[in-house]
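Hi there,

Here is the structure I promised to pass on. Have a look at it first, and then read on for what turned up.

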There are 2 protein chains.
Amino acid sequence: MDAIDLSLVELLRGNARLSYAELARQVGLSAPAVHERVGKLESGGVIRAYRAEVEPEAIGLGVTALIGIVEDSGGDADDVLEAFRQMPEIESCYFMAGVESFLLKARVGTIAELEQLIVRLNRTPGVASTRTGIALSTKWENRPQPLTPPGA
Amino acid sequence: MDAIDLSLVELLRGNARLSYAELARQVGLSAPAVHERVGKLESGGVIRAYRAEVEPEAIGLGVTALIGIVEDSGGDADDVLEAFRQMPEIESCYFMAGVESFLLKARVGTIAELEQLIVRLNRTPGVASTRTGIALSTKWENRPQPLTPPGA
DNA sequence: GGCTCAGGTCGATGGCGTCCACGGACGGTG
DNA sequence: CACCGTCCGTGGACGCCATCGACCTGAGCC
């Protein structure tokens, strides 16, 4: 992970469809060299995926909610997690410090679907209670921040 | 936005670096046709960006926090928003229903940096108080959910 | 019917991805 | 010091891909 790798990561976070030739020009290496570096970043787990970022409303997912989960004292966190994983509406899942063990970001089409999701969550074994906040609008999301090399 | 557009979006959400030729094979059109469709999806705002998804720890951003913001009664939400926008640590920003007007997802390198960020947030004009939760681990994030055509 | 337009296919061409052989820099070893 | 792997890069070659223009086809409308 040197400065060139960092530049490549930053370039690809900004635009994942840049060609290797273009990346090569930007970092001052040849295309095969860049190809190899990016390959190593991928297989080394630094780059996890390349994703198109889509306007959620355009694909019928207009409702965003953030849901805090309080765990049952007797429950097993792994089982709860597995149950969450089965629910495709849950886009993100964080294990949190605090009373609410999990924070979920969910995306659904309608408030009715959100209601159904919350019911399902509350019925899930290991879940004691839920607390839902609705996002009225998303100002921005997953904005890449400029990379400062570790130790700068 | 027909079924083919939806497939293209779904394919690109899964892997943004697919070639037009490969997309064409998957949806059963010619490459130029796919090229034109994807171009329209981009310029129509359905596809907002293509991003590489990076392991945050690998680029020195090991601490994830979710911060709720209570607004000052006298403040202007736009000014607050603009102040948030200037803080690169804030990756996502939702305008919420409820007492806490905003929910922020922030990513920093160390707890010390998080402390500094919280101090800056509390000093921001228009911000009455903040409430910070720390993510101990990210189970998953921005998982694309299977697309169901609107009305299915 | 015949016009027009949207949206597709086909063919050509220049650039790109990717494989391979080669070469210099570096560090450990007789 | 000379020697020799190893790492990491370059340059060339070749086939595939992106992209443009020309043409085709079906739907909607005078």
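Let me start with a small puzzle: does D5(A) count as buried or exposed? D5(A) counts as buried, because its relative accessibility is 11%. Please keep in mind throughout that this is a predicted model.

D5(A) is also one half of a salt bridge. Its partner is R37(A), and the closest N and O atoms of the two are 2.8 Å apart. The pair joins distant parts of the chain, with R37(A) in helix α3 (residues 31-43) and D5(A) in helix α1, 32 residues apart. Unlike buried D5(A), R37(A) is partly exposed, at a relative accessible area of 24%.

Now to the two chains together. Chain A can be superposed on chain B by a rotation of 180° with 0.0 Å of shift along the axis, at an RMSD of 0.0 Å. That is how a two-fold axis relates its copies. Both copies use the same surface, as 100% of the contact residues of chain A recur in chain B.

As for the interface itself, 61 residues from chain A and 61 residues from chain B take part in the contact. Between them the chains bury about 6,100 Å², of which 52% is on carbon and sulfur atoms. No other three residues of chain A supply more of the area it buries against chain B than R17(A), R51(A) and W140(A), which account for 14%.

The polar side of the interface is worth a look too. There are six salt bridges between chain A and chain B, and 52 residue pairs are in polar contact across the interface. Several elements of chain A each supply at least two residues to the side that touches chain B, among them α1, β1 (47-54) and α4 (77-85). β5(A) gives the most to that side, with nine residues.

Two of the bridges between chains mirror each other in their residue numbers. E53(A) meets R48(B) at 3.6 Å, N to O, and E53(B) forms a salt bridge with R48(A), also with 3.6 Å between the closest N and O atoms. The latter pair runs from strand β1 of chain B to strand β1 of chain A. Here E53(B) counts as buried at 18% relative accessibility, while R48(A) is partly exposed at 41%. A network of salt bridges links R48(A), R51(A), E53(B) and E55(B).

Over all chains the structure holds 28 salt bridges. One of them, within chain B, joins R131(B) and E100(B), whose closest N and O atoms are 2.6 Å apart. R131(B) is in strand β5 and E100(B) in strand β4 (residues 100-108), so the pair ties together parts that are 31 residues apart in sequence. R131(B) is partly exposed at 42% relative accessibility, whereas E100(B) is buried at 18%.

What about a charged residue that has no such partner? R13(A), in helix α1 (residues 3-14), is buried yet has no salt bridge; E91(B), the nearest side chain of opposite charge, is 4.6 Å away. Beyond its neighbours in sequence, R13(A) contacts residues of both chains, including P144(A), L147(A), Y50(B) and R51(B).

One last detail for your backbone check: N142(A) has a positive phi of about 55° although it is not a glycine, and it lies in the segment after β5 of chain A. N142(B) likewise has a positive phi, near 55°, and lies in the segment after β5 (127-140) of chain B.

Best wishes

Definitions and conventions: Residues numbered from 1 in each chain as written. Chains lettered and ligands numbered in written order. Predicted model: local features only at pLDDT ≥ 70, side-chain atom pairs only at ≥ 80, totals over all residues. Heavy atoms only, no water. Helix = DSSP H or I, 4+ residues; strand = E, 2+ residues; numbered from the N terminus. Buried < 20%, exposed > 50% of the residue type's maximum accessible area, 1.4 Å probe, protein only. Lys, Arg positive; Asp, Glu negative; His and termini not counted. Salt bridge = Lys/Arg side-chain N within 4 Å of Asp/Glu carboxyl O. Contact = heavy atoms within 4.5 Å. Least-squares fit on C-alpha atoms with pLDDT ≥ 70 in both. Buried area = accessible area lost by both parts, 1.4 Å probe. Polar contact = N/O pair within 3.5 Å; in protein donor to acceptor, adjacent residues only side chain to side chain. Lists of a residue's contacts leave out its neighbours within four places in sequence.
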